[in-house]
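Please open the model in your viewer and keep the sequence panel beside it, so that each stop on this tour can be selected as you read.

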Amino acid sequence: AAMRLGKYNAINDVVECLVMYLLDLSMLDYTFVNKKPSLVAASAVYLARCTLGIREPSTAAAASAMTPSSLHDEFESPSFQRDVEGYWSNTLEYYTGYDMWALEETVKRLHKLQEGAETNHLRSVYNKHKKHVHNYVSLKVVVRKEDLGFL
């Protein structure tokens, strides 16, 4: 049980670091100045979950099978397929106050920043988050725009 909890905490640490990276990137773009901080934060959580392929199970049976260790195994599988259903859950919607469609514009803008972070002339955020202390999150493969879950 301790090993499973350790893997679960490791996944949470990566999500947290990735969210912080996306929030740091948002500070480089003036278009985020007039957005509510809660909207930007919720959008960063959504994009982090997309980037890492974290989604909610769609059935109770899948929920019981989706243990932290099986999540880790799923990420390691070469046949890993992203399923856009479930990147945003009812629980996240409840606690943030935003449904996934309210996040769409902000998520897409954050995604554009994430895509260009390595080649942007302001690379300090990218360089900061490519270190071990930040779980190398800036080196994660950026999800394709089509896989964000929006039409």
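What follows is a walk through several charged pairs and one serine.

Before selecting anything, bear in mind that this is a predicted model. The charged side chains make a suitable start, and the count of salt bridges comes to seven.

Begin by selecting Asp-24 and Lys-128, which form a salt bridge whose closest N and O atoms are 3.2 Å apart. Asp-24 belongs to helix H1, which covers residues 2-26, while Lys-128 belongs to helix H7, residues 124-128, so this pair ties together parts that lie 104 residues apart in sequence. If you display the surface around Lys-128, note that this residue counts as partly exposed, with a relative accessibility of 37%.

Next, select Lys-35 together with Glu-105, whose side chains meet in a salt bridge at 3.3 Å from N to O. Here Lys-35 sits in the loop between H1 and helix H2 (37-52), and Glu-105 sits in helix H6 (residues 100-116), so the pair ties together parts that are 70 residues apart in sequence. Are the two partners buried or exposed? Lys-35 is buried, having a relative accessible area of 18%, whereas Glu-105 counts as exposed at 58% relative accessibility.

Now move along the chain to Arg-144 and Asp-147, where the two side chains meet in a salt bridge with an N to O distance of 3.2 Å. In this pair Asp-147 counts as buried at 18% relative accessibility, while Arg-144 is exposed, with a relative accessible area of 51%. Add Glu-146 to the selection as well, since Arg-144, Glu-146 and Asp-147 are linked in a network of salt bridges.

For the last stop, leave the charged residues and select Ser-43, which is found in helix H2. This serine is buried, and its relative accessible area is 0%; the cut-off for that word is under 20%. What lies 2.8 Å from a polar atom of the side chain of Ser-43? Show the backbone atoms of Leu-39, and you will find that the backbone oxygen of that leucine is at this distance from the serine side chain.

Finally, keep Ser-43 selected and bring up the residues that it contacts once its neighbours within four places in sequence are left aside, namely Leu-103, Thr-106, Val-107 and Leu-110. Helix H6, which you met earlier with Glu-105, runs through residues 100-116, and it may be useful to colour that helix while you look at these contacts.

Conventions. Residues numbered from 1 in each chain as written. Predicted model: local features only at pLDDT ≥ 70, side-chain atom pairs only at ≥ 80, totals over all residues. Heavy atoms only, no water. Salt bridge = Lys/Arg side-chain N within 4 Å of Asp/Glu carboxyl O. Helix = DSSP H or I, 4+ residues; strand = E, 2+ residues; numbered from the N terminus. Buried < 20%, exposed > 50% of the residue type's maximum accessible area, 1.4 Å probe, protein only. Polar contact = N/O pair within 3.5 Å; in protein donor to acceptor, adjacent residues only side chain to side chain. Contact = heavy atoms within 4.5 Å.
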